[in-house]
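Here is a quick tour to read alongside the sequence and the 3D view. Keep both open as you go.

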Amino acid sequence: MLPKRKKVRITGKKLSKLNDDIHGRDDSKCIIKGCGRYVDPREKFHHEPQGNDKEDRIEHGVTLCLKHHTERHSGTNGADIREQCEEYLSGLYPKYWERFM
Ligand SMILES: [Zn+2]
Ligand SMILES: [Zn+2]
């Protein structure tokens, strides 16, 4: 069993700052291979994982363009997009992501 940890949830200015940080790290470009489309910094980052397990921290946030963001949430290739997000984040934060892989 993994130790229970409080999930990080933030709002307001802190959340805007996190969004800026994620855009800064990703150079405001969609991280999906072969995409790299520019994403407006006001566009909200994607949480991976999403839903109940989501956390507001940089280790769980990626920049996705609107097309891939929509696909991740409701497209037929959502699983593929999820894999790419996980690969990307675990490549950046291997120590942190170890426990999820
Ligand atoms: Zn999302
Ligand atoms: Zn994209």
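## Two sides of H3

Ala-79, Glu-83 and Gly-91 are exposed, on the other side of H3 from Ile-81, Cys-85 and Leu-89, which are buried. The buried three cover an arc of only 65° around the axis, which puts them on the same side of H3. That arc is taken from the directions running from the helix axis to the C-beta atoms. As for the words used here, a residue is buried if 20 or more other C-beta atoms lie within 10 Å of its own, exposed if 12 or fewer, and partly exposed in between, with C-beta atoms placed from the backbone.

What do the buried residues of H3 pack against? The partners are strand E1 (46-47), strand E2 (61-62), helix H2 (66-74) and helix H4 (94-97). Two residues are in contact if their C-beta atoms, placed from the backbone, lie within 7 Å. H3 itself covers residues 78-92, and its end C-alpha atoms are 21 Å apart, which agrees with the 21 Å that its 15 residues should span at 1.5 Å a residue. The expected span is 1.5 Å times one less than the number of residues in the helix.

## Where the model comes from

This is a predicted model: local features need pLDDT of at least 70, side-chain atom pairs count only at pLDDT 80 or more, and totals for chains, interfaces and linings use all residues. Residues are numbered from 1 along each chain as its sequence is written, while chains are lettered from A and ligands numbered from 1 in the order in which they are written.

## The whole chain

The protein chain has 4 helices and 2 strands, in the order α-β-β-α-α-α along the sequence. Its radius of gyration is 13 Å, close to the 13 Å that the globule rule gives for 101 residues, so the chain is as compact as a globular protein of that length. The radius is taken over C-alpha atoms, and the rule is 2.2 Å times the number of residues to the power 0.38. Helices (H or I, at least four residues) and strands (E, at least two) are DSSP runs, numbered from the N terminus.

Of the 101 residues, 20% count as buried. The C-alpha trace spans about 40 × 30 × 25 Å along its principal axes.

## Backbone oddities in the loops

Asp-27 is found in the loop between helix H1 (12-25) and E1, and has a positive phi of about 60° although it is not a glycine. With 11 C-beta neighbours inside 10 Å, Asp-27 counts as exposed. Ser-28 lies in the loop between H1 and E1 too, with a positive phi near 55°. Ser-28 is partly exposed, having 16 other C-beta atoms within 10 Å.

Pro-49 sits in the loop between E1 and E2, and the peptide bond leading to Pro-49 from Glu-48 is cis, with omega near 0°.
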